[in-house]
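Visitor: I would like a close look at one part of this chain. Please take me through the packing inside it, step by step.

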Amino acid sequence: MSADRAAGHQRFLSALAAWPRRRWLAAGAAAAGACLLIAVPTDLIDTPFFSREVPPTWWSFPVLAVTAVLAGLVTATYVSRIPSPAERKTRLGAAGTIMAFFAVGCPVCNKLVLLALGTSGAMQYFEPLQPLLAALSIGLLGWALYKRTTSEDRCAVPAKPAQAAVPVEPGGSPVQDPPVNTTDRFPTAGP
């Protein structure tokens, strides 16, 4: 392992170790919420509101668990922290969570897939892609967590204020404005 990579891993672990208790509580609550948000509509948790036509695969539950934990950790990085402008542009965590929903869902129960491919197309084309979607989902969430935690100790560099242009006389000295008469209601240039 290269020195840069080892330093990045050490920075990642140090950042997690420095988290306050409220971040870990937020991570737990967000992980539970992500689990319910994904598992109930995909019928991995059986409820009377949703049903599945195709039983879940063996890997759906581990993917759900890993996705929920990573989504919770990514969400916790937003607690007590103001993101920099560069971070506001990336939404890898949200993309990873949405992708996990499609990865563990029933291929023929998903209305978008069913409308696009039909029942046989969903089973023939979409179902084989679901493990890839699961891997991409976990990868995106992991990358988002890594980038957010390793960049927490950095602060944005303020932009350098622009210098006001000062007119210069041909001799090289700055031009001075004439004094302003402050006794007038509308000040004008000097006498």
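Visitor: Which residues have the most contacts inside the largest nonpolar core, and how many residues does that core have?

Guide: A caution comes before the answer. This is a predicted model. The largest nonpolar core has 14 residues. Those with the most contacts inside this core are W19, L73, V74, L141 and L145. Four elements each give two or more residues to the core: α1 (3-17), α2, α3 and α6 (111-150). Helix α3 supplies the largest share, six residues.

Take W19 next. Neighbours within four places in sequence are set aside here. Beyond them, W19 is in contact with W24, L73, A76, T77, T149 and E152. L73 is also on the list of residues with the most contacts inside the core. A second core lies apart from this one. That other core has 13 residues, including V63, L64, M99 and A134.

Now the pairing of α2 and α3. Helix α2 covers residues 21-39, and helix α3 covers residues 60-76. Their axes come within 7 Å. They cross at roughly 135 degrees. Angles from 115 to 145 degrees count as oblique, so α2 and α3 are oblique to each other. The crossing is right-handed.

Which residues meet there? From α2 come R23, W24, A26, A27, A30, A31, A34, C35, I38 and A39. From α3 come L64, T67, A68, V69, A71, G72, L73, T75 and A76. By type, the residues of this contact divide into 15 nonpolar, three polar and one charged. Several names recur from the cores. W24, L73 and A76 take part in this helix contact, and W19 touches these three residues too. L64 meets α2 here and is among the residues of the other core.

Zoom in on A31. This residue is found in helix α2. Its relative accessibility is 15%, and the cut-off for buried is under 20%, so A31 counts as buried. Leaving out neighbours within four places in sequence, A31 is in contact with A68, V69 and G72. Look at the pair A31 and G72. The two are 41 residues apart in sequence. In space, their C-alpha atoms are 4.0 Å apart.

Then follow the chain into the loop between α2 and α3. D43 is found in this loop. Phi of D43 is near 60 degrees, a positive value in a residue other than glycine. Most residues other than glycine have a negative phi. D43 is buried, with a relative accessible area of 13%.

F50 has its place in the loop between α2 and α3 as well. At 37% relative accessibility, F50 counts as partly exposed. Not counting residues up to four places away in sequence, F50 touches V40, P41 and D43. F50 and V40 are ten residues apart along the chain. Their C-alpha atoms are separated by 7.2 Å.

Finally, step back to the whole chain. The secondary structure comes to six helices and zero strands. Along the sequence the pattern reads α-α-α-α-α-α. Of the 191 residues in the chain, buried residues make up 32%. Consider the contacts with a separation of 6 or more. Residues 24 or more positions apart account for 71% of them. The pair A31 and G72, 41 residues apart in sequence, illustrates such a separation.

Definitions and conventions
Residues are numbered from 1 along each chain as its sequence is written. This is a predicted model: local features need pLDDT of at least 70, side-chain atom pairs count only at pLDDT 80 or more; totals for chains, interfaces and linings use all residues. Side-chain values use heavy atoms; hydrogens and water are left out. Axes are lines fitted to C-alpha atoms, for helices over the stretch in contact, and angles run from 0 to 180 degrees between N-to-C directions. Angles under 35 degrees count as roughly parallel, over 145 as roughly antiparallel, 65 to 115 as roughly perpendicular and the rest as oblique. A crossing is left-handed if the near helix is turned anticlockwise from the far one by less than a right angle, and right-handed if clockwise. Contact means heavy atoms within 4.5 Å. Ala, Val, Leu, Ile, Met, Phe, Trp, Tyr, Cys and Pro count as nonpolar, Asp, Glu, Lys and Arg as charged, and the others, Gly among them, as polar. A nonpolar core is a set of buried Ala, Val, Leu, Ile, Met, Phe, Trp, Tyr and Cys residues joined through side-chain atoms within 4.5 Å. Buried means under 20% relative accessible area, exposed over 50%, partly exposed in between (1.4 Å probe, protein chains only).
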